[in-house]
Amino acid sequence: MARRTLLPIAGAFLGLASYYSLEKKDPIFSFWRHRHHNQSNSTEPVFLEGFRNWKSVTFVEAKELSPDSKMFIFSLGDPNLQLGLPLGHCIGFRAKIPTKKHPEGEIIMRAYTPTSKIDQRGTIEVPIKIYYKNVHPNFPDGGLMTQYLDTLKPGDLLDICGPKGKLTYFGDGNMDIKGKNYKIKNLGFVAGGSGITPCFQLIQYIIDNSEDIRLSLIYANRTENDILLRDKLDEYVKTGKLKAYYTLDTPSETWEYGKGFVTQEMLQKHLPGPSEDTLICFCGPKPMNKMLINHLQELGHSSSHFFKF
C-alpha cells in the first residue's frame, strides 16, 4: 500500500525535475513560459523545434530596403502558426550552394535574426544585406548565402532551424545571459551594418510593449543608404523612447551625425555609463566588436555587463 502511494509521488517529483530541466535547457520553453506569466507549462505550437531540427519555409517575396539590402519574407505554411523565436535569439539558414571547391554544391549555413514581431503569425521577415561579387576587394566572390537568397523565386523552399542564442529577454528588463539572471533598466546598443537586426529585435519589443527601459543606440555604416530599418528607428526616436546616433564612413556634406568608426568618445556620450542595471549589447564586423570590448572596458563597463550577439 505504502509503495503504491509513493509511486505517484515519485513520478510527480520526476516530472517536476524534468520540467525545470527542460526550462533550463530549452530557450523556447523557457521564454514562452515566462511570457505567459508562469500560468501554465503548456503553450500553443510554434514552428521552431530546436537548432538541430531543420524545417522548410516557403519564400514569398523580397522587398528592397537599399541598393544591396532586402527584406526577405517567408511563409511558415500555416497562417495561425508563430515562429516561436525567443527574444535575443537567431535562426539558421541552410542551402546547397555551388562553390569553387564543390561545383556540384556544398551545404552552407548562416545565422540571421528576423525583425518580424515575435507574435506574428504565418510569415517571418528577415532583413539581409546582399554581398555581391566583385564589390569588396577583400571578398571578390561575395557572400555565398546572401547571393543565393537573392536568386530565390516565390514558392522556393529554404531550410531553417532555431532558436540559437546565449541571451534570452523575458520582458520588463528581465533576461538570462549564459545562465545568469539580470534585471536591466538601461540598454545600450552598438550595431554595424546588418548587425542592427538583433538590436532592433529587442528595441522593437521593448517600445511596442511600453516597457520602462531606457534605450540608446549607436549605429555605424558605410553610407547613409546602408542604414537598415532607419524609418522605423527614426520613428522610435521621435516618440522619445529611443536615443539613436548614426556614424558613417563616407558621409555627405550635409550629414549631421558622426563620421568614421565608433569611438570611445561616442560610447561615453551616447550610451549609458557603467552600472549594475545597465547592459551594452553589440553586433557588427569582428574588428569593430574587438575594438568595442577594449573601449567598454576602458570606460569601466564590467565584462559581465556587455554582450556580443
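## Salt bridges, buried threonines and a positive patch

In this predicted model, Asp150 and Lys70 form a salt bridge whose closest N and O atoms lie 2.7 Å apart. The pair links distant parts of the chain, since Asp150 sits in the loop between α3 (144–149) and β6 while Lys70 belongs to strand β2 (residues 69–75), with the two positions 80 residues apart. Asp150 is partly exposed at a relative accessibility of 25%, and Lys70 is likewise partly exposed, with a relative accessible area of 21%. For Lys70 the assignment follows from the cut-off, because buried means under 20% relative accessible area and Lys70 has 21%.

The count of salt bridges comes to twelve. Two of them involve Arg230: one is formed with Glu224, at 2.7 Å from N to O, and the other with Asp234, where the closest N and O atoms are 3.1 Å apart. Arg230 and Asp234 both belong to helix α5 (residues 230–238), in which they are four residues apart, or about one turn of the helix. Of the acidic partners, Glu224 is partly exposed at 36% relative accessibility, and Asp234 is partly exposed at 24%. Elsewhere, salt bridges with shared partners join Asp68, Lys129, Arg222 and Asp226 into one network.

The salt bridges described singly above are set out here with their N to O distances.

| Acidic residue | Basic residue | N to O distance |
|---|---|---|
| Asp150 | Lys70 | 2.7 Å |
| Glu224 | Arg230 | 2.7 Å |
| Asp234 | Arg230 | 3.1 Å |

The chain as a whole gives the setting for these pairs. The protein chain holds seven helices and 15 strands, and 46% of its 309 residues count as buried. Among the contacts in the chain with a separation of 6 or more, 67% are between residues 24 or more positions apart. The accessible surface comes to about 16,800 Å², and carbon and sulfur atoms account for 52% of that area.

Two threonines illustrate the buried part of the chain. Thr197 is found in helix α4 (residues 196–208) and counts as buried, with a relative accessibility of 7%. When its neighbours within four places in sequence are left aside, Thr197 is in contact with Thr113, Thr115 and Pro127. Thr247, in turn, lies in strand β12 (residues 242–248).

Is Thr247 buried or exposed? Thr247 counts as buried because its relative accessibility is 0%, and buried means under 20%. Once the neighbours within four places in sequence are set aside, the contacts of Thr247 include Tyr219, Ala220 and Asn221, as well as Trp255, Phe261, Val262 and Met266. Gly260 is also one of its contacts, and the C-alpha atoms of Thr247 and Gly260 are 6.2 Å apart in space, although the two residues are 13 residues apart in sequence.

On the surface, a positive patch is formed by Arg52, Lys164, Lys166, Lys178, Lys286 and Lys308. Within this group, Lys166 is found in the loop between β6 (157–164) and β7 (167–171). Lys166 is exposed, with a relative accessible area of 55%, and the class applies because exposed means over 50%.

Note on methods:
Residues numbered from 1 in each chain as written. Predicted model: local features only at pLDDT ≥ 70, side-chain atom pairs only at ≥ 80, totals over all residues. Heavy atoms only, no water. Patch = residues over 30% accessible without salt bridge, like charges linked within 9 Å, V, L, I, M, F, W, Y side chains within 5 Å. Areas by Shrake-Rupley, 256 points an atom, 1.4 Å probe, with all protein chains shown as cover. Salt bridge = Lys/Arg side-chain N within 4 Å of Asp/Glu carboxyl O. Lys, Arg positive; Asp, Glu negative; His and termini not counted. Charge placed at Lys NZ, Arg CZ, Asp CG, Glu CD. Buried < 20%, exposed > 50% of the residue type's maximum accessible area, 1.4 Å probe, protein only. Contact = heavy atoms within 4.5 Å.
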